[in-house]
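Here are some short exercises on how two chains and their helices fit together. Have the structure open beside you and try each task before you read its solution.

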Protein chains: 2
Amino acid sequence: MSLSVMTTLNITQLNASAADFQQHLKLLLAFDEKDDLDIQHRVLDIIADVRKRGDQAVMDYTNRFDKRNVSLASNLELPKADLLAAWQTLPTDQAHALQIAADRIRAYAEHQKLQPWQFTEADGTVLGQKITPLERVGLYVPGGKAAYPSSVLMNAIPAKVAGVDELIMVVPTPNGETNAMVLAAAHLAGVDRVFSIGGAQAVAALAYGTETIPAVAKIVGPGNIYVATAKKMVFGQVGIDMIAGPSEILIICDGKTNPDWIAMDLFSQAEHDENAQAILISDDADYLLAVEQSINKLLPTMERADIIKASLSTRGAFIKVANLLEAAAVANSIAPEHLELSVENPEALSQHIRHAGAIFMGRYTAEALGDYCAGPNHVLPTSSTARYSSPLGVYDFQKRTSLINCSAAGADSLGKIASVLARGESLTAHARSAEYRIK
Amino acid sequence: MSLSVMTTLNITQLNASAADFQQHLKLLLAFDEKDDLDIQHRVLDIIADVRKRGDQAVMDYTNRFDKRNVSLASNLELPKADLLAAWQTLPTDQAHALQIAADRIRAYAEHQKLQPWQFTEADGTVLGQKITPLERVGLYVPGGKAAYPSSVLMNAIPAKVAGVDELIMVVPTPNGETNAMVLAAAHLAGVDRVFSIGGAQAVAALAYGTETIPAVAKIVGPGNIYVATAKKMVFGQVGIDMIAGPSEILIICDGKTNPDWIAMDLFSQAEHDENAQAILISDDADYLLAVEQSINKLLPTMERADIIKASLSTRGAFIKVANLLEAAAVANSIAPEHLELSVENPEALSQHIRHAGAIFMGRYTAEALGDYCAGPNHVLPTSSTARYSSPLGVYDFQKRTSLINCSAAGADSLGKIASVLARGESLTAHARSAEYRIK
């Protein structure tokens, strides 16, 4: 009898020692974002229109999509006094929590700052690398129900720690409604200007600039499919952060954490949306049963039970492994966004983890702590992209410039080498340019 | 009388103090890569076919496009003995030059390695960042006439310094012909495996893997429009380096460098291709005239005179500025790939440069030295993307993972903060997961 028939929730059960495990795992992880050609065409049109008509196009789309009535572009900007007022009138517990979170995010980010370096060779030639912050950055913040002040802190604070001169936030305000906690977070994070616009029109305005909205060098922050499509399309004109897929958590547990805790940790991922993915791995089959019982016990008590149920039943899984080393191997093949090591010795196990966005170590480190206030960024590589990419950080708002300063002696010896290689590539102007510097 | 009528080459002349300067500069820099829908469809088909038919599709395309006759997929791999043989039979001067270049590129790259860090808070909570090299990387190397051994070194060496386990090179061999210097460079740089394939089919094989060609985590290296299009399309499945536009040089000269040197430096960029961009800025109008005379004197002696002429007359420019500070401001608005500061005090001027891929400081530092052997990478951000991006480096082959290990006391205090913020965002599973860890 399979575990699942005993439960109301039908969670996929896999065993890592089964011959077809990798095949089943691949199917479980597969998530095809369909390229919606219709959306792409609509977004292309909006971008072209904003480039052509500037402020007027932005106002037209904003009035239409956000049901507003703006006729003066300068009215798209929220006064800084509104941000301060939002902060000052926030309930004390929320203000305190935001302040602590901001302080911790900043303290962690400070460790990420890139430093310039240079060295001088024996012949006097100097080589190095200069570090410069981006000049102006755009931060997209979703409006409406998915308004997350934590996301404002996580995106804005690393940019300011990097030394970005001007951080421009855009946030749609459907029917003119603002979210006080989002504005308070913007104040706290040091956002310089806020425009009440959203969608593809906001991305286009930030990428190309209008009469009122200044063009930025990079756009970060989450958004819906229109925003994500627009960001992909303006990439190259500006830098962008990653295009995030559905959020994921992978938990490895040795069977000794309270099963209610692990059930709730799985829920905390699953409640994001139906496509979120929550997977539990254990070497203890009885423990997997216990967590399943906790899930069925706790699910009816959850506000977002429907979303959680849909997520866990379509994309969730329990994986039985022979031992924790096998669990680490499975984790590496998944390359999860969030990895909880709910085990006795998480440091030892973490040595075997090669691919993950963030590792939450030990039974006390709920992923939710990292989502809000532990310090590290909650913007993390999804969909196995942890194989090649990193959490959002200060380094995403700084850039490097190579420095080369050849002495006469250095140019002489390097010129001879460059000449041989350039002629080997039939690039004779390169060769002759180098040869002029040979004594 | 404008300068240009005295010359055979009609180079655009701008004056930074003219009212319409920014407008003219924008036109000069504009470079629209047309999205060729036909190429996109063909590349999409090739990728889909390689995903479906694997080795057989790769062999079919290779036989067709590269005029080869491969019927066994294992024959697509070049034996490592061929690389060693290419190295051992290379003329001594070329082997010496490659060796020096490789040593210098490696020495510079060593400075770029990211280091892990962690710190422990008063309550015992540990935060940190783990650094992991990418596991397997693909390096695309163009075949035929544009075969650049320097490019093999510049892409492969930072990957190996980063600690990449397996570096897979692909290089098309039209009619079965290989380039000895390219293979020698691959040997020297420590490339692990080489497949004689190219085009979109090679990119698809690296991104998705076939029976014979292993899937990689990231693909780097230059290629033609088919390769660039394929790289864009597989992005997300794998990481990619930047999609490079035409190469550019901007030279700021105070009028005291031998004008022949500066003319040749401009040529060394212009000879790459007709779309390459070479711009000279000076505060000395007479000097601009002198360089123009050098250009006309030297141009007839150049092997690639036609390409140089096309490049300089369509995309080249001379810009007169009032002083060197204004030159730095113009440079920042261009954000050039290569910036030569051919001035008396390049260190002082470089302090005013905010956006550039690499800065070549002083009269002896020809850009060509940096292309081959100075040490810093020659893969640099083009088309003003130096506003937000960096040279290729070791850091492109390493990734970061956040580490969070909360003590019981830490989880208690952080849990209270997370609970408030999560409830503020109506994410109650997050809140309850955190609350379980409160004492």
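**Exercise 1. Relating the copies**

By what turn, and with what RMSD, can chain A be laid on chain B?

*Solution.* Keep in mind that this is a predicted model. A turn of 180 degrees, with a shift of 0.0 Å along the axis, lays chain A on chain B, and the RMSD is 0.0 Å. The two copies are therefore related as by a two-fold rotation axis. To find that axis on your screen, go to L114(A): its C-alpha is the one in chain A nearest the axis, at 4.8 Å.

**Exercise 2. Sizing up the interface**

Work out how many residues of each chain are in contact and what area is buried between chain A and chain B.

*Solution.* Start with the contacts: 113 residues of chain A touch 113 residues of chain B. Next, compare the two sides. Of the interface residues of chain A, 100% are also interface residues in chain B, so the copies meet through the same surface.

Now turn to area. The size of an interface is often given as the accessible area lost when the parts come together. Here about 10,000 Å² is buried between chain A and chain B, with carbon and sulfur atoms giving 59% of it. In chain A, the residues that lose the most area to chain B are R354(A), Y388(A) and R437(A), together 8% of what that side buries.

**Exercise 3. A helix pair across the interface**

Describe how helix 10 of chain A packs on helix 17 of chain B.

*Solution.* Two packed helices are described by the angle between their axes and the distance between the axes. For helix 10 (residues 259–270) of chain A and helix 17 (residues 428–436) of chain B, the angle is about 150 degrees and the axes are 8 Å apart. Angles over 145 degrees count as roughly antiparallel, so that is how helix 10 of chain A and helix 17 of chain B run relative to each other. Their crossing is left-handed.

Then look at the side chains. From helix 10 of chain A come D260(A), W261(A), M264(A), D265(A), F267(A) and S268(A), which meet A429(B), H430(B), R432(B), S433(B) and Y436(B) of helix 17 of chain B. The contact has five nonpolar, three polar and three charged residues.

**Exercise 4. The same helix within chain B**

How do the axes of helix 16 and helix 17 of chain B cross?

*Solution.* The axes of helix 16 (residues 408–424) of chain B and helix 17 of chain B come within 8 Å and cross at roughly 170 degrees. These two helices of chain B are therefore roughly antiparallel, and their crossing is left-handed. Helix 16 of chain B contributes G415(B), A418(B), S419(B), A422(B) and R423(B), while helix 17 of chain B brings T428(B), H430(B), A431(B), R432(B), A434(B) and E435(B). By class, the contact has four nonpolar, four polar and three charged residues.

Conventions: Residues are numbered from 1 along each chain as its sequence is written. Chains are lettered from A and ligands numbered from 1 in the order in which they are written. This is a predicted model: local features need pLDDT of at least 70, side-chain atom pairs count only at pLDDT 80 or more; totals for chains, interfaces and linings use all residues. Side-chain values use heavy atoms; hydrogens and water are left out. Copies are superposed by least squares on the C-alpha atoms of residues with pLDDT of at least 70 in both. Contact means heavy atoms within 4.5 Å. Axes are lines fitted to C-alpha atoms, for helices over the stretch in contact, and angles run from 0 to 180 degrees between N-to-C directions. Helices (H or I, at least four residues) and strands (E, at least two) are DSSP runs, numbered from the N terminus. Angles under 35 degrees count as roughly parallel, over 145 as roughly antiparallel, 65 to 115 as roughly perpendicular and the rest as oblique. A crossing is left-handed if the near helix is turned anticlockwise from the far one by less than a right angle, and right-handed if clockwise. Ala, Val, Leu, Ile, Met, Phe, Trp, Tyr, Cys and Pro count as nonpolar, Asp, Glu, Lys and Arg as charged, and the others, Gly among them, as polar. Buried area is the accessible area (1.4 Å probe) that two parts lose on being put together, summed over both.
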